[in-house]
Amino acid sequence: MPARRPPRLAKDRQHNVNFIQRFTEQETARRVEKRPESLTAEQRAALRKQLSDTQFLTPNYADKTKINIAGMLRKWKRYRLQAPNTRGKDVANADTLLVLQTFNIKYDTGIFSWERHRIQLSGCYLGLAFTGARPAEFVDGERKSGNDRCLEELFPRHDTGSAPNDEDNDRHFRLLEELILQERSSRGRSKALCYEDILLMMVRHPETGKDSLAMSIKLAHHKGADNKPKPTIFFFTPTRRLIFCFISMIVSLAVHDRAFAATKFTSVREVFQAKIRGPVKCTPLRWKKKWLKRPIFRRLNDSIVEDDSDESISEDESDGSSTSKYQPLPYQKLLDDMARQSLDAGEENPIKPKAWRNASDAVRDQMMRHDPKWATFNSAYINEKVGFHLQNAFLNKPTEDSLLGMLSHIGLMRDPRASKDMVPDEVWEMMPPDSEIAALKAERAQLKGGQYRIKGTDNEDRIRELTRLIATKEAQRKNTIRQAYRKDYFHDRPTWDIEADGQEEEEYVEPAIDLHIPERAKLAEMLCNQPDNLSSTELLEFRIQVAELMVTLCGRQETGRKRTPRRARADVAVKEESPGPDPFPLLMDRKQCPCCIGDETMSHGERTFKYCRPAVMYDHFDRKHAQQLGGVKQMSCNHPKCSSEALSFKHLRHFKNHVEKVHGVRLRA
């Protein structure tokens, strides 16, 4: 998301200078604190003598324990030691959920590989808020061993003092690396919310007698589930406020997957208008057998095309985790996207998936599988902000429950003018270089000796290691600067507003909505501006239209190549596509992508986009399309002029030859 500059902040040069001075002083102080004092010769000799007289018994940890310990070492290396419980446990409420849902659908300028991920995020937000469950019960929260060699550092392959057996140790290490995949294959599914955990049903309301959709979700992947499973089932009904309707999200994803066993359920209208037949109170809507063990919230990327066809998969296949197309959504992806969206929405601190763990004692203990006698919630999850008006209770006065509810939850300090990246360009230009990074760059330049190519040289490994280290430290420093600037802004902004009392107040203009995908713009308009006085029939039709837009949006893509400047108005602006007399000419510009021009999931501007130079377009084609086309037995040209002729090619070089001769675009050999 582009940097959003708050009023008067970027123009205040003195504030920027003061911030840079404070930041550099704190950075120097932190660097000095991390350096331990050197031991004297006498201390080293005493330490060697003490260690030589000590005998250690190497513990035999379980494989999962080793992975968890390596994860702690990884965190210590990245964040170093810090005081415990410095942040506390923030708790979110319905207002915070509304802010996240609205920002995700209406204002977020983040680019996802497929817009289905945006619907999945909304579903995760609603599921976590309504159940208070662990995020690992909805997405994949299993730890991986990692590739930073922390596991080998803590648990080397060969034990000291024993004769190493290379073959046995290598075999054991490979088994440890594949531990998670082996467990997933043995249980036939991933540890995430799968279709077999969800029961959609058409029920007859006991009071009105009308047929309505209802849903139950069984969550079983809690802590200790392998030893003592305690599955918990939650029930959901349709909500009048559709932005909070969890059922609509699930139905939209299921229709997009074509997961219903009933062949007539190819649209959301058929699902919502289903009727109960016979003298029964409930009619379950079953899933196809091949979809039972597949996760509903999945990992998406450019190489996995989310289409509606499953012709290549047999009906009898039940293992949904066997192919990369059906991998569950990683917890880290949910955590990163939720943090980014909450910061861009103006929150002072990032909101985490565990922020909705609040309910009455009995309900909370059941949904979190806590034994009341152990007081687990009070020791680990309790909100540090007291939500009771003790002052007025002591004075025997009426309590301000609504005010206390606002004060004790996340969102109190939210400032819509703030964003995740709000550092002005002036600060980046004036920021002095980091001495440690400069020293690493100087060492790399000395080893390279003015040469550009390093392959085959004596210092190749060290130069590549320095390059990776420099990139990591530069990214960490930029992130530290962004966090420090946000912290200063939220600390100083109230003082600036108070001191500006009496001056003409700058009017806050709601961010303009510039959405490239028409379906998303229409969905944002309907969800955020839903009428309040809809009848039951009108609400059902409105619900069907919203769900149909979600299904269509799941198959859309938005690239990050081009962003137009924001307009200073708050209404939803759908891009009017003015293609002209011939929107897709047969002879293309040599800086246009021959594959994107035929992708109907993109807007006209994205399909006809011209890169700055052909080399950049070549990189894009090789990275996004070449590998995917190479794995297809028979490829075709999807240019609008060629698609009607059904041209097919057996090899990638034949396709490139066609693109050069017919469309005038030469690709790399």
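How many bridges join E2 to E3, and do these strands run parallel or antiparallel? Five bridges join E2 to E3, and the two strands run antiparallel. The views below are taken from a predicted model.

**View 1. Strands E1, E2 and E3.** Strand E2 covers residues 211-219 and is joined to E1 by seven bridges, in an antiparallel arrangement. Within this pairing, valine 203 has serine 212 of E2 as its bridge partner. Six residues lie between E1 and E2 in the hairpin that they form. Glycine 209 belongs to the turn of this hairpin and has a positive phi of about 75 degrees. On the E3 side, threonine 232 of E3 stands opposite leucine 219.

**View 2. The aromatic pair of tyrosine 195 and tryptophan 291.** The structure holds 13 aromatic pairs. In the pair shown here, tyrosine 195 and tryptophan 291 meet edge-to-face, with 5.7 Å centre to centre and 75 degrees between the planes. The pair links distant parts of the chain, 96 residues apart. Tyrosine 195 is in the loop between helix H8 (179-187) and strand E1 (198-204), while tryptophan 291 is in the loop between strand E4 (282-285) and helix H11 (331-344). Both tyrosine 195 and tryptophan 291 are buried.

**View 3. The aromatic pair of phenylalanine 236 and phenylalanine 246.** These two rings form an edge-to-face pair, 5.2 Å centre to centre and with 80 degrees between the planes. Phenylalanine 236 lies in strand E3 (residues 232-236) and phenylalanine 246 in helix H9 (residues 246-257), so the pair ties together parts that are 10 residues apart in sequence. Phenylalanine 236 and phenylalanine 246 are both buried.

**View 4. The ring cluster and arginine 294.** Tyr195, Phe260, Phe265, Trp287, Trp291 and Tyr326 are linked into a cluster by ring pairs. Arginine 294 lies over the face of two rings from this cluster. For tryptophan 291, arginine 294 is at 4.5 Å from the ring centre. For tyrosine 326, the distance of arginine 294 from the ring centre is 4.1 Å.

**View 5. Cysteine 245 and cysteine 282.** The structure holds zero disulfides. Cysteine 245 has 0% relative accessibility and therefore counts as buried, the cut-off being under 20%. Cysteine 282 has a relative accessible area of 31% and is therefore partly exposed.

Notes:
Residues are numbered from 1 along each chain as its sequence is written. This is a predicted model: local features need pLDDT of at least 70, side-chain atom pairs count only at pLDDT 80 or more; totals for chains, interfaces and linings use all residues. Side-chain values use heavy atoms; hydrogens and water are left out. A disulfide is a pair of cysteine sulfur atoms within 2.5 Å. Buried means under 20% relative accessible area, exposed over 50%, partly exposed in between (1.4 Å probe, protein chains only). Rings of Phe, Tyr and Trp (its six-membered ring) pair if their centres lie within 6.5 Å; planes under 30 degrees apart count as stacked, over 60 as edge-to-face and the rest as tilted. Helices (H or I, at least four residues) and strands (E, at least two) are DSSP runs, numbered from the N terminus. A charge sits over a ring if NZ of Lys or CZ of Arg is within 6 Å of the ring centre and within 35 degrees of the ring normal. Two strands pair if DSSP finds at least two bridges between them.
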